[in-house]
Each structure stands twice: as C-alpha cells, then as structure tokens.
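Me: I have a structure to look at and would like to go through it step by step. Could you help me read it?

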Amino acid sequence: MPRYEYRCRTCGDTFELSRPMADSSAPADCPSGHPDTVKLLSTVAVGGSATAPAPAPRSGGGGGGGCCGGGCCG
C-alpha cells in the first residue's frame with residue numbers, strides 16, 4: 001500500500017499515512033487532530049518513475065571511454 005506524506009497547516013507537523021491510491025486525495029487529520037492538512041508531492045510523483053543508477057566502470061581491459069566506447073579510434 002502506498003505511503004503519502006501530509007503537512008498540517010495548523011501546527012506545521014509533517015506525517016505519513018499508508019492508504020489505497022483511491023483514497024490518496026481524501027482529507028487526512030494530523031496526529032494532533034487538526035483537520036487542515038495538505039498532501040505533499042513526493043519525488044516519485046513529480047518525476048513519474050525511478051531511474052537506475054549509472055553502471056559501474058568496467059575493470060581491466062584498456063580504454064577510458066570517449067566517443068567510441070574505449071575502443072581504438074583510428
């Protein structure tokens with residue numbers, strides 16, 4: 001179940017709730033009981049997808065990359 005982050009406009013606390021995606025826009029009371037909260041955007045929601053880390057450099061073998069991928073450019 002996805003976790004959503006909210007901030008209370010009354011006390012300023014930030015908190016998370018696990019809830020179904022269908023309920024993500026439903027009002028959420030802060031843990032102190034204040035009803036005036038706003039859902040925060042996460043980096044996943046803003047970016048739309050996760051990105052893979054860059055591949056690690058290969059060890060051994062010659063070449064340092066460049067325009068031809070480390071091969072011998074003539």
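Me: In the hairpin of strand 1 and strand 2, which residue takes a positive phi?

Reply: Happy to help! This is a predicted model, where local features need pLDDT of at least 70, side-chain atom pairs count only at pLDDT 80 or more, and totals for chains, interfaces and linings use all residues. Residues are numbered from 1 along each chain as its sequence is written, and side-chain values use heavy atoms, with hydrogens and water left out. Five residues sit between the two strands of the hairpin, and the one with a positive phi, near 85°, is Gly12.

Me: How many bridges join strand 1 to strand 2?

Reply: Strands here are DSSP runs of E with at least two residues, helices are runs of H or I with at least four, and both are numbered from the N terminus. Two strands pair if DSSP finds at least two bridges between them. Strand 1 (residues 3–8) and strand 2 (residues 14–18) run antiparallel, and Arg7 has Thr14 as its bridge partner. The number of bridges joining these strands is five.

Me: In which order do the elements of the chain run from the N terminus on?

Reply: The chain has one helix and three strands. Read from the N terminus, the order is β-β-β-α.

Me: Which residues make up the largest nonpolar core?

Reply: A nonpolar core is a set of buried Ala, Val, Leu, Ile, Met, Phe, Trp, Tyr and Cys residues joined through side-chain atoms within 4.5 Å. Buried means under 20% relative accessible area, exposed over 50%, and partly exposed in between, with a 1.4 Å probe and protein chains only. The largest core has six residues: Tyr4, Tyr6, Cys8, Phe15, Ala28 and Cys30.

Me: Is Cys8 buried or exposed?

Reply: Contact means heavy atoms within 4.5 Å. Leaving aside neighbours within four places in sequence, Cys8 is in contact with residues including Phe15, Cys30 and Thr37. Its relative accessible area is 1%, so Cys8 is buried.

Me: How many disulfides does the count come to?

Reply: A disulfide is a pair of cysteine sulfur atoms within 2.5 Å. For Cys8, the nearest cysteine sulfur is that of Cys11, 3.6 Å away. For Cys30, the nearest is that of Cys8, 3.7 Å away. The count of disulfides is zero.

Me: From which residue does a backbone oxygen lie 2.4 Å from a polar atom of the side chain of Thr37?

Reply: Thr37 is found in strand 3 (residues 37–39), and it counts as buried because its relative accessibility is 18%. Beyond four places in sequence, Thr37 touches several residues, among them Arg7, Cys8 and Ala28. The backbone oxygen in question belongs to Ala28.

Key. A polar contact is a pair of N or O atoms within 3.5 Å; within protein, one must be able to donate a hydrogen and the other to accept it, and residues adjacent in sequence count only if both atoms are side-chain atoms.
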